[in-house]
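This report takes a predicted protein model and works from single residues outward to the whole chain. Please keep the sequence and the coordinates at hand while reading.

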Amino acid sequence: MEGVSKLAAGPSPFPRPERIVADVQISAGWMHAGYPVMLHLESVKEIAQLTYMRSEGMWGPIHELGHNQQRKMWEFPPHTTEATNNLWSVYIHETVLNIPRYKAHPALKPEARKVTIKEYVVGGANLKDWTLWTCLETYLQLQEGFGWDAFIKVFSDYKVMPHSEMKKEEKMNLWAEKFSQKVKKNLMPFFKAWGWPIEDQVAKKVSSLPTWDKNPMISYL
């Protein structure tokens, strides 16, 4: 939970405990987020057996705890709904359980990730296809380029930002601008490669920043 809080740029310990309840029948899916998080009895080992957690991981429970950390200002439904919460799954597996991402989930094996990117680019990088693992890949590339601290700093900025109702496109432009400013790189070509609706006026705001020479999407275009 300290790890969940750290990535979310939140207080630790939490103001109230997060709760996970196992039962024989739950209201939705194999697990679901909320207060409490719910899961089936078969998954108890993922939250109660330390040996299992350290060897096999606990992707599902952290996935749901990640849902509880998602915030409207930096979420772009329906694309990110089942994707950005997985940042917490990756973070906890690598920084707490010492399980690398390619072992934490089959979809994150290097070969699987390459296929995900290629299929999206060949399909025209259409935002309607930017969901689930494809969506997560965008954020993982940013993490691999700039580290977890960049996310923590950006999330921290959002926490003190006055809430305002914005359209999805506006929120995506704001995220692209904030992340660029935080890492001091012009990331607009990167986000455009992923099909984000980057506006010219937003691109101009970071145009003076150096280009991200290690943009991982260059080799796919």
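## Asn186 and its surroundings

Asn186 has a relative accessible area of 14% and is therefore buried, where buried means under 20% relative accessible area, exposed means over 50%, and partly exposed lies in between, with a 1.4 Å probe and protein chains only. This residue sits in the loop between helix H10 (168-183) and helix H11 (188-193); helices are DSSP runs of H or I with at least four residues, strands are runs of E with at least two, and both are numbered from the N terminus.

The side chain of Asn186 reaches the backbone nitrogen of Met188 at 3.1 Å, which is a polar contact in the sense of a pair of N or O atoms within 3.5 Å, where within protein one must be able to donate a hydrogen and the other to accept it, and residues adjacent in sequence count only if both atoms are side-chain atoms. Leaving aside residues up to four places away in sequence, Asn186 touches Ser180, Val206, Ser207, Leu209, Pro210, Thr211 and Trp212, a contact being heavy atoms within 4.5 Å.

## Basis of the model

The model is predicted, and local features need pLDDT of at least 70, side-chain atom pairs count only at pLDDT 80 or more, while totals for chains, interfaces and linings use all residues. Residues are numbered from 1 along each chain as its sequence is written, and side-chain values use heavy atoms, with hydrogens and water left out.

## Helix H4 and Asn86

Helix H4 (residues 59-67) is largely enclosed by the rest of the structure, because 9 of its 9 residues are buried. The buried residues of H4 are Trp59, Gly60, Pro61, Ile62, His63, Glu64, Leu65, Gly66 and His67. His63, which lies in this helix, has a relative accessible area of 12% and so counts as buried; not counting residues up to four places away in sequence, His63 touches Glu82, Asn85, Asn86 and Ser89.

Asn86 belongs to helix H5 (residues 86-95), and with a relative accessibility of 3% Asn86 is buried. Its contacts, again without residues up to four places away in sequence, are with Trp59, His63, Trp133 and Leu136, and the side chains of Asn86 and Trp59 are joined by a polar contact of 3.4 Å. Between Asn86 and Asp149, which are 63 residues apart in sequence, the C-alpha to C-alpha distance is 16 Å.

## Backbone features in the loops

Two peptide bonds that lead into proline are cis: the bond joining Ser12 and Pro13 has omega of about 0 degrees, and the bond from Tyr35 to Pro36 has omega near 10 degrees. Pro13 is placed in the loop between helix H1 (2-7) and strand S1 (20-23), whereas Pro36 is placed in the loop between strand S2 (31-32) and strand S3 (37-40).

Positive phi values also occur in residues other than glycine. Ala9, in the loop between H1 and S1, has phi near 55 degrees and is partly exposed, with a relative accessible area of 22%. Lys184, in the loop between H10 and H11, has a positive phi of about 60 degrees and is exposed, with a relative accessible area of 56%.

## Glu169 in helix H10

Glu169 lies in helix H10 and counts as partly exposed at 35% relative accessibility. The C-alpha atoms of Glu169 and Ile198 are separated by 8.0 Å, although the two residues are 29 residues apart along the chain.

## The whole chain

The secondary structure comprises 12 helices and 3 strands. The radius of gyration is 18 Å, which agrees with the value near 17 Å for a compact globule of 221 residues; this radius is taken over C-alpha atoms, and the globule rule is 2.2 Å times the number of residues to the power 0.38. Along the principal axes, the C-alpha trace spans about 55 × 40 × 30 Å.

Of the 221 residues, 46% count as buried, and among contacts between residues at least 6 apart in sequence, 61% join residues at least 24 apart. The protein exposes about 11300 Å², of which carbon and sulfur atoms supply 54%, with areas from the Shrake-Rupley method and a 1.4 Å probe.
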